[in-house]
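Trainee: Could you pick one part of this model and go through it closely with me? I'd like the cut-offs along the way.

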Amino acid sequence: MAELLKVIFDHEGIFLHPTPDEGSPDQDLLVSGSLRIIEKDAEILVEYRPLEDSVDPSNMLCAGQDSSSVVEWAQCPGEKSQTRQLLETQQSYETEWDMVNAVSFKKKNYTNGESSLNHSHERSRWAFSVNISDLKSITVKEEGWTFLILQLKDSSSSVPALHFHQGGSREFLDSLRRFALLTESPEDETRLLVSTPNKALSQSFENLLDDNNFGLIHKFKRDPYVATLGGFSKVTNYIYDALRGTEEQQQRPPEEVADLLGEVIPGLEINQQEEPGFEVITRIDLGTRPQVSRVEPVSADYWSKHQDPEGRIENEAALRQRIFKGGLCHAVRREAWKFLLGYYPWTSTLEERKSLQKTKTDEYFRMKLQWKSISEEQERRNSRLRDYKSLIEKDVNRTDRTNRFYEGLNNPGLTLLHDILMTYCMYDFDLGYVQGMSDLLSPILFVMENEVDAFWCFVSFMDQMHQNFEEQMQGMKTQLIQLSTLLRLLDLAFWNYLESQESGYLYFCFRWLLIRFKRELIFSDVLRLWEVMWTELPCQNFHLLVCCAILDSEKQKIMEENYGFNEILKHINELSMKLNIEEILQKAEGIYLQIRSCKDLPHSISSILGFDTQHRVSSQADSGSRPVQQQDACSNGHCRDNRPQNSCRGVFTS
């Protein structure tokens, strides 16, 4: 039976520097060869094979510590920003140099007594193959180039250090991370400890991640948003497996798992104590869930009937309710979204809106000119702007490219997407650009088809979503806690099942919350869901009830199939593009009505859904007193101070 062989990584120009202690008769001998990571019969191997000829170091120039002593070398322009990366962010010290014309190879001259057979034997003695499960650690060193020292678990065996004179060590380590968890040693920051799951878990991980996402664990530690958008649920799966260890080992206590997850996932520490203000929820009889129906989308005629002769919107509350129940037809969206997002005040006249648009147009292009007019020399001294620009350019080229509005080369839609995101960096330089924001802008620009209008609507949406993208991820942490609290009320048995499978933290919902289901729904359904949520009906944090509705539809399969941690994450991830938004909205509204009708509702639930605020406002209205001005709030449960005048308003407090 033929062996199954798959090459995962292959790089030539890797050198060994044999010493007399390692049996090299020639003190100046350098062995050049190729390094591969291969999958062979379900085993992952690191394999080194010397090339045909050894290398005479007298004919090789390379950049040493004192680069001024090097006669012939050039730094690759595309890799300038990659040099001297910190270990805690890159987990490898890498100085990539372009060695074009700086490395030459010379056949070693053999004397009379050295035959080709001896030459072949000399080469084969330096070849080695190591199973990654036998690796204990990898030490990353620099001598003007990077070299790696592989330490085996069997201390009686050793392999030579691998010298990457022509770069490639970063790619090697990233490829290795597909099959092993590399963590920095607490005693030595240059040493990476190698942890490999058992074979079943390794195969599971390989099936979950495609070739484009193999560095997710490493990327997540460096930037949780980047990794989330590439497949958060997938990487969480592997993180957990790596922490849990083999099946034969005793399972870690929940507190220890929480601590370890907190170390791997910055900003998402797990609070083992009850969150202040959140009481323990026991089983509550919620009664029967009402059946809910939805209506046709708001038409252009219906919309125009709600405007007076001067263009003011009449009966805003009824119009919001109608949009919540049916959404908008596409012909109305361009105008209606400006009201829903707070760009246009509901009470404004047509003339007032024209004046506002003129003012906002001037303001937008003043900010756009700020980054457009920066010279190359200025940009070289502004690393943050450079980083924002680089990330935006990468993301724009892969955002909704299957949508006709963004498909093809030199698409003007892509240019607008780029320019709006760059201008937003000028508007909010503290936040700048974080991956995922292009996903939030894309549908808005698609609907507006206007650069200025799209920008200001995006600004309003970002006012709601801002804390999702902040470095501490406090908005995401709060939403996950709130979602868990709601689910515990709605179905304690299901919540207990998830808890028993170490899934009670609901990390598999992370991407849903981060970019509001943008990667879970087809494009037209994203438009429908967002406009429904922007009505701010029927309660605050309605998007959490949308999450509950999806989980409610999937709980039977999850429990009947006895899904474990791996299977739950995989199942939820595979729901992408298979969800029916109208059914979800019906169920989410039914859940709201079911909770709303419940007597003696826990205070934590009332606080999450804003029932306390609604009750206070309605009581003040009934008594004829003027309602107290509520603090502006975001839909993720956190408020931002000093909001712009055009920002969308909420009715809840954290």
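Mentor: Sure, starting with the sulfurs: a disulfide here is a pair of cysteine sulfur atoms within 2.5 Å. Apply that rule and the count is zero disulfides. Take cysteine 509, which is in no disulfide: its nearest cysteine sulfur belongs to cysteine 547 and sits 5.4 Å away. Cysteine 509 is also buried, at a relative accessible area of 0%, where buried means under 20%, exposed over 50% and partly exposed in between, with a 1.4 Å probe and protein chains only. Cysteine 425 is buried too, again at 0%.

Some ground rules: this is a predicted model, so local features need pLDDT of at least 70 and side-chain atom pairs count only at pLDDT 80 or more, while totals for chains, interfaces and linings use all residues. Residues are numbered from 1 along each chain as its sequence is written, and side-chain values use heavy atoms, with hydrogens and water left out.

Now for the close look, at helix H16, residues 451–465. Helices are DSSP runs of H or I with at least four residues, strands are E runs of at least two, and both are numbered from the N terminus. How far apart are the ends of H16? The C-alpha atoms there are 20 Å apart, which agrees with the 21 Å that its 15 residues should span at 1.5 Å a residue; the expected span is 1.5 Å times one less than the number of residues. H16 is mostly covered, with 15 of its 15 residues buried.

At the N-terminal end, asparagine 450 acts as a cap for H16, placing a side-chain oxygen 3.0 Å from the backbone nitrogen of valine 452. Past the helix, histidine 466 lies in the loop between H16 and helix H17 (474–490). Histidine 466 counts as buried because its relative accessibility is 6%. Its side chain makes a 2.6 Å polar contact with the side chain of glutamate 470. A polar contact is a pair of N or O atoms within 3.5 Å; within protein, one must be able to donate a hydrogen and the other to accept it, and residues adjacent in sequence count only if both atoms are side-chain atoms.

One helix pair to finish: the axes of H18 (residues 492–500) and H21 (residues 542–560) come within 11 Å and cross at roughly 60°. That makes H18 oblique to H21: under 35 degrees is roughly parallel, over 145 roughly antiparallel, 65 to 115 roughly perpendicular, and the rest oblique.

Conventions: Axes fitted to C-alpha atoms, helices over the stretch in contact; angles between N-to-C directions.
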